[in-house]
Amino acid sequence: MDKLLTISGSPHVHTDDSIRKIMFSVIYAMVPAMLVSVYFFGLDAIRIIAISVISCVVVEYLIQKYLINGGMTINDGSAIVTGVLLAFNVPSNLPTWIIIVGAIVSIGVAKMAFGGIGKNPFNPALVGRVFLLISFPVQMTSWPVPKPLFSNTVLDAVTGPTPLGILKEGLSAGKTVDELMAQMPGYLNELIGFQGGSLGEMSALALLLGAVFMFYKKVITWHIPVSYLLTAFVFTGILWLIDPSQYANPLFHLVTGGLIIGVFYMATDMVSTPMAPKGQIIFGIGCGVLTILIRLWGGYPEGVSFAILIMNAFAPLINTGFKPTRFGIIKPAKA
Amino acid sequence: MNNVILVAVISLSAIGATAAVILYFVAQKFKVIEDPRIDEVEELLPKANCGGCGYAGCRAFAEGIVKSGNLENFFCPVGGNAIMSQVAQIMGLVAEEKEPMIAVLRCNGSRANAPAKIEYDGPATCAFTHNLYSGESGCPYGCLGLGDCVVSCTFGALYIDKATGLPVVIGDKCTACGACVKACPRKIFELRNKGKKDRRIFVCCVNEEKGAPAKKNCEVACIGCGKCVKACAYDAITLKNNLAYIDFEKCKLCRKCVEECPTKSILELNFPPRKVKPAIVEETSNQSSPAEVTQ
Amino acid sequence: MLKTFKLGGVHPPENKISAEAAIETLPIPKRVYVMVTQHLGAPSVALVKKGDDVKTGQLIAKSSGFISANVHSPVTGKVFKVDDVMDQSGYRKPAIIIDAEEDSWVDGVDNSGDIIHAITLSRDQIIQRINEMGVVGLGGATFPTHVKMMIPDGKKAEYLIINGVECEPYLTSDHRLMIEKGEEILVGTSILMKALGVSKAMVGIENNKPDAIEKLTGLARNFKGISVHALKVKYPQGGEKQLIKALTGREVPSGKLPIETGCVVDNVGTAYAVYEAVQKNKPLIERVVTVTGKAAFKPSNFMVRIGTPINELVEMAGGLPENLGKVVGGGPMMGKALMSVEAPIVKGSSGILLMPVEESKRVDNKPCIRCARCVSVCPMGLEPYLLAQLSKNEIWERTETERVMDCIECGSCHYTCPAGKPLLDYIRLGKNKTGQIIRSRGKK
């Protein structure tokens, strides 16, 4: 035998799982939502998603080749995931150059500047989205009216508000919730996607399908989504019970806006969230409270992005404070 | 309008002045009185904070000197004799001249001399592999070549030679701070005298196994035969646990042991090449002249 | 619902390809290399020297100290020499090398195949006999069994737990032993029960060995106080802390021994060795070793004399494969990669795993993506990513507070990491250094 034996520390077997597999599972989970967005927004959706993904990958490649001189990680698919998520967070009529700026900020600033994959304290797609929202508020909030493919309806308006936008403006104008609900597309439509909004916010159903796929592949666990949704539900539920004329009911809050995509795709980002199960539940609760606070009393109609980013900042503290359940801890006997 | 500006200026100035006065008095009250010599000594030091002196940083070294009042047990290997004499001047003492030292790798188990019998796959850290197995060559005392020493050197004086797989000490940069000595899990590094004209002789092996297993793993292992001990006219070499050791204080760099060693385990560094044999005629022997020997 | 432990655990592919292979007795080799120290604790002292004649079963190395064990000659013959030999640790250690002839046992050993049920020795005599016969834990840890039987003052043993779990993939030595020597194992269990002074014993077997479960459950009806339990297949069910948790629901407190929960855990192989020692007066000189792996020609289980070089077992299992990439002593999760196939079998060798070249290299090392899979699989509730990073950066104060000493080195974290990070390598380093620091603190 001329080839030498190998020696290494145990274990000598390894699971098939890899970063690439995890990232691609997430990408496949987002396919239903991508298809829905193409259905509603046509070529614009394809444009946005394609430009976003390509820009993210190119930015990561250029930075790793010329600036950092580290290993090349574009093969693991994380840049693609960021690209798709960023695309989901913007309206489909966004000019191309703005999306490219968003990609540069997401990958260049929020990810590579901190050291690349695994080192970013904030969710890169959300950082990009918030940056665009603050820098280009007009372009980022002129929501196009969704025009389903192959339909013959003639629309007189080109842009229109999102349900949350309608709610916030209407309430501050003095109308009650019931009056405003009449203007809404209705729950079923919101669930399926006939509502104004960014590319990814359209169909809660498509997003839930993807979430089920991710659960099946064990890419995400129940801790953050359940605690986040439950907190939002309970918080809005209590307020709605107190004054239904001022506060929309919890179901409305669940299906509108970016809550579903935020809960299952953004708040479950592995890098920027706590590691221990207890910590993840605290994280989810915090996100839920902040989201509803911003929606109801903040300056923006949608609070998911900011809530998640704020909780990302707390993740290291939560990690230190909430450790996993240890084996063999004797509880001190009560005197 | 003018009134508003005047009021603002006066009130802010008053606040500023009050704050300044308070700060001044507080600074005076909580001032730390320190021997000014500590600062002076610290100024002279290289400020590498490498710990080579055995103290926690250059400041601690300076404090230690000034507080104890003498220079015993205080030597900065990075600054060397030059710095120590300046420090001594401030303290009004005389600094003892110390021989400059250098880190020496006492292993020559390169890829050629100690061929690999197994391939290692895993993190490149010597500390871990030392616990895992004896090493790719099989020698349980030999250098693992994974570079814990390189990482520990804060002066950039070490690098792993790709051809031999062994670390190399860059003489000009080495300050003999001792970090590599501590980092090596097999204690292969030693701080030895740099030697006159940068010349030194040492046994390049730390293997304590008996001759047969040692030589099986590495061509240039010390087999503990003792020929060098006999050859040394200055009693500089001792044999213990099948391993020879040259005391650098006693070594006079005569190179006799290097010739005697059957496995070429003793290395001489920075010497001029030897004259080619026939051997130098010794005065005590009755040997005839070289020309006659060829008959 | 099968019993199991709650925290963590992974499911590596079982690959029990040698499960159907009945135990074959390996012919006695020409030369054996008996390591002088084959147990945890104080090293033994060799009693023989070059040229001595020895008989099978003769004492050739004596235990020295409280936690130590005797070593007996596995063959009859002449001592070739007492010298350092490369063993499974990757280092050369002292061994007694014997040239073997035909077996000639020492007096008093019962080599008949009859199963003796009656336990005539008293409790102290049993412990004494176990000590004399050099019985150590055959699960792999090789802790001297007689020391385990001596319960410290103030503690009480309630259960004896027999570990028939064999959770490591590939290994089947315990499985075959339970099927073929089930009754002897149960007699051994009764002996251990008497030695400990307990009336209840539980045998834990993983559910992937239905034949062994059936066999032992049937046999156990004739034994008082012994119950057989099927356990869910999950690695590392065989770890003693996890086994105690699954069978009794009790957790061994951090830093303490299982006796704190009133349980003592022994491997089925140890129970068999105890039977042989007490009922047959036979010292521990042989054990069942599995030769397996995707590269092995004929996965087999052998009854092997201690000291047999591994290449003899490989020869009997079809020979050294061309595509051999790695040889592992033990199972793939916790076994030690060997430097060569010439190392000898010791008391703790449960299996030899021959891995082909394509399975021998590790996956690429990528950055940690903080997915927390390592946290979710750790059976001790630790944070492997953190311990590995602290050990890499040599922050030893924090490794201690983060409970690195609780780690049982099962390898679940390393197995699961999608980034291929060498977690267990660094955690082992951390355990090593932290242990040194704690011990030096205690000495002051």
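Me: Leaving aside neighbours within four places in sequence, which residues is C:Ile161 in contact with?
Reply: In this predicted model, C:Ile161 is in contact with C:Met202, C:Gly204, C:Leu243, C:Ile244, C:Leu247, C:Cys263, C:Val264 and C:Val265, once its neighbours within four places in sequence are left aside.

Me: And which residues touch the most other members of the largest nonpolar core?
Reply: That core has 295 residues, and C:Ile161 is one of those that touch the most other members, together with C:Val34, C:Val274 and C:Leu313.

Me: What gives the most to this core?
Reply: Helix α1 of chain A does, with eleven residues.

Me: OK, then how many residues does the contact between chain A and chain C take from each?
Reply: It takes 31 residues from chain A and 49 residues from chain C. On the side of chain A, β1 (6–7) and α1 (19–41) each supply at least two residues, and by class that side has 16 nonpolar, twelve polar and three charged residues.

Me: Switching to chain C, what domains does the assignment give?
Reply: The assignment gives domain 1 (1–25 + 103–361) and domain 2 (373–443), and the C-alpha centres of these two domains of chain C lie 27 Å apart. The contact between them takes 15 residues from domain 1 of chain C and 15 residues from domain 2 of chain C.

Me: Last thing, where is confidence lowest in chain A?
Reply: Confidence is lowest in helix α9 (residues 187–192) of chain A, at a mean pLDDT of 66, and highest in helix α4 (residues 96–109) of chain A, at 95. For chain A the mean pLDDT is 87, with 90% of its residues reaching 70 or more. Where pLDDT is low, the predicted coordinates should not be read in detail.

Definitions and conventions: Residues numbered from 1 in each chain as written. Chains lettered and ligands numbered in written order. Predicted model: local features only at pLDDT ≥ 70, side-chain atom pairs only at ≥ 80, totals over all residues. pLDDT = per-residue confidence, 0-100. Helix = DSSP H or I, 4+ residues; strand = E, 2+ residues; numbered from the N terminus. Contact = placed C-beta atoms within 7 Å. Nonpolar A, V, L, I, M, F, W, Y, C, P; charged D, E, K, R; others polar. Domains from an automatic or database assignment. Core = buried A, V, L, I, M, F, W, Y, C linked by C-beta atoms within 7 Å. Buried ≥ 20, exposed ≤ 12 C-beta atoms within 10 Å, placed from the backbone.
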